[in-house]
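This report covers the overall build of the chain and then two local sites.

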Amino acid sequence: MPCFTRQNMGFYKPDPKAICVMALNCSDGKLALARSDASIEIWNLNHTPFMEKSFTSNLDNYSVEGLTWCSRRLFSTGHHGWLVELDLFTLTMKDKWSITGEAGTCLDSRNSQIVVGTEQGYLNIFQVTGTDTQFEKFLDKQEGRIVCVKFNPTGEFVVAGSLNAIRIWSVKTGHALHKMVLSRAEANKNTIVWCLEVLSDFTIVSGDSRGVVTFWDGKLGAQLESYHSQNSDIRAICINENEDSLYCSGINQLICNYEKVKVGSSIKWVKSVVRKIDEHDVRAMAVYHKKLYSAGTSGDLVCSYHPPKTVVKYAHIPYVQTASDGCPLILLRYSKHIEIWSFSCSRKNDSEHQTPRCPEGVDPQDKPRKLVKIQKVTKNSENINEVEGIICSCISDDGKWIFLATNSGFRLYALRVVDSHPKLQKINDLDDSNIACVKAAFNSKNNHLIVALSNGNLVVYDLEDGDPFISQRLECFKVHLTDTVSLLEVSSCGKYLAVADAESNIVTFTYTSDGYSRHLKLPKTTIPPTALHFQKHILKVSYANNVVYEFNIKSNEWTELCTARKKPQSIQPPKKIRK
């Protein structure tokens, strides 16, 4: 039995960023959420929820105050004063349009239109047509900041919440039709309308800083009923697909459920269940397939439903990678920098146990210590130094190479430890380093660095002589894959390479003296893969339905474990695959 050494990594303390905004794409089962550091994550909710893609904060999109899906395209706005479209393939900013009214505070979409609310009280209407987006007009200006905004289901009207009032605009005429004034909890304290929902019968539901949920008749601009739901601000409201169940929550973390019931000839909303699921403030909520997803300052995405009474928390997973070739170095990734640490090791080697050997220049009795900290600094539009967010990073098995990628490109570093002092050398003039990438991995057995560029292709760098150069280019997009690369795995022997995307395409490559060549493509399923791992010539594939399959690369067939297992209808791998 192998011997393992356990060490407590108390020196790694990543700071989870709060989730501030959510946007649900019901047709595809995709949930977009934005964190306080302006990073954006795309979660797939169709099976077991998992993070499918992510966007890091950058110098152009450094603030996210609102998110929305429109025609399966993702848009955001923020304090920079732009409507931003995010490219779901390259995972970068695709385009941006200026908005009237300084900073953007909120946005919503319906059909092919987007409305953006601003700090100065303007409502900007944009038209999305095909691959183009154009500014159409802005509605009558109101006094004060627009805090939240929603279209009605038909897209004819816009409802906006602000200080002490809710207003309804006609999109066609651009004029305000109704103004509903809210009362104040204290004479000198404004009531802030934090969130809105608009039902198909034009019933408006608002949550405000008094902790009150109010139902309004949007056709008449009159109040129907109100409930003092919370003791503090209500920051989030959501409603299910059938519009008969409503959830609200906020500062005090209580999630209150209201059910629509029929009392005589009238319809009433009745308080049903009150639960405390989150440990911190709740900022955003969404309902998908009878499951409630909530998030806030804790940084966790929480899924809850009943019956049975179930709560599942999906925490922010930090990225940690060790130099696996017996080298006691570890890479710790943060949102805007990475750190390389050395931990204690031993030079003792016997026939029974082998413990990690120390690289030259590292004392085996040393306590864990930070060797280097790497970040990429770029000047913004005001010529001020800003640190870029990290897309991906990795360290070679022997600990001699470090890779770091941001939105403006990627960098390769050579790390040497001399007399316990680390020396970090940046590799200049690296080809294609100005192109953004989405994934990268080292093939230490063959001294290769494999980079998945944002254009969907793979680039192989030869590191043999310490002067990296591109030795091969592999076209994947539209040839083997239909989406951006989401998973990239190299076997420990260095002979096999596996690449996968979010559309369930998995392709394997083999390495020979002539380079990497396509070996085979695994059967496409309706369930996306979440992880890949090689164990010698066996490729293990984990899918989003919590099922793991094994494929024998040498014999081109699924292993006995898979053929003996009862397979779901969505996955029916044949016994043998033709190349």
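A polar contact is a pair of N or O atoms within 3.5 Å; within protein, one must be able to donate a hydrogen and the other to accept it. In this predicted model, the side chain of S63 reaches the backbone nitrogen of H79 at 3.1 Å.

S63 is found in the loop between β4 (50–55) and β5 (66–70). Its relative accessibility is 7%, so S63 counts as buried, the cut-off for buried being under 20%. Apart from neighbours within four places in sequence, S63 is in contact with A38, T77, G78, H79 and H80. H79 thus appears both in this list and as the partner of the S63 side chain.

The second site is on the surface. There, V261, V263 and V270 form a nonpolar patch, with about 200 Å² of accessible area together. V261 lies in strand β23, which covers residues 254–263. V261 counts as partly exposed because its relative accessibility is 31%.

The two residues are set side by side below.

| Residue | Relative accessibility | Class |
|---|---|---|
| S63 | 7% | buried |
| V261 | 31% | partly exposed |

As for the whole protein, it has 1 helix and 50 strands. Buried residues make up 54% of its 579 residues. The radius of gyration is 27 Å, which agrees with the value near 25 Å for a compact globule of 579 residues. Along the principal axes, the C-alpha atoms fill a box of roughly 80 × 60 × 45 Å. The accessible surface comes to about 27,000 Å², and 46% of that belongs to carbon and sulfur atoms. Among contacts with a separation of 6 or more, 44% join residues 24 or more positions apart.

Key
Residues are numbered from 1 along each chain as its sequence is written. This is a predicted model: local features need pLDDT of at least 70, side-chain atom pairs count only at pLDDT 80 or more; totals for chains, interfaces and linings use all residues. Side-chain values use heavy atoms; hydrogens and water are left out. Patches are made of residues with over 30% relative accessible area and no salt bridge: like charges are joined within 9 Å, nonpolar side chains (Val, Leu, Ile, Met, Phe, Trp, Tyr) within 5 Å. Accessible areas come from the Shrake-Rupley method with a 1.4 Å probe; for residues, only the protein chains shown count as cover. A salt bridge is a side-chain nitrogen of Lys or Arg within 4 Å of a carboxyl oxygen of Asp or Glu. Helices (H or I, at least four residues) and strands (E, at least two) are DSSP runs, numbered from the N terminus. Buried means under 20% relative accessible area, exposed over 50%, partly exposed in between (1.4 Å probe, protein chains only). Contact means heavy atoms within 4.5 Å. The radius of gyration is taken over C-alpha atoms; the globule rule is 2.2 Å times the number of residues to the power 0.38.
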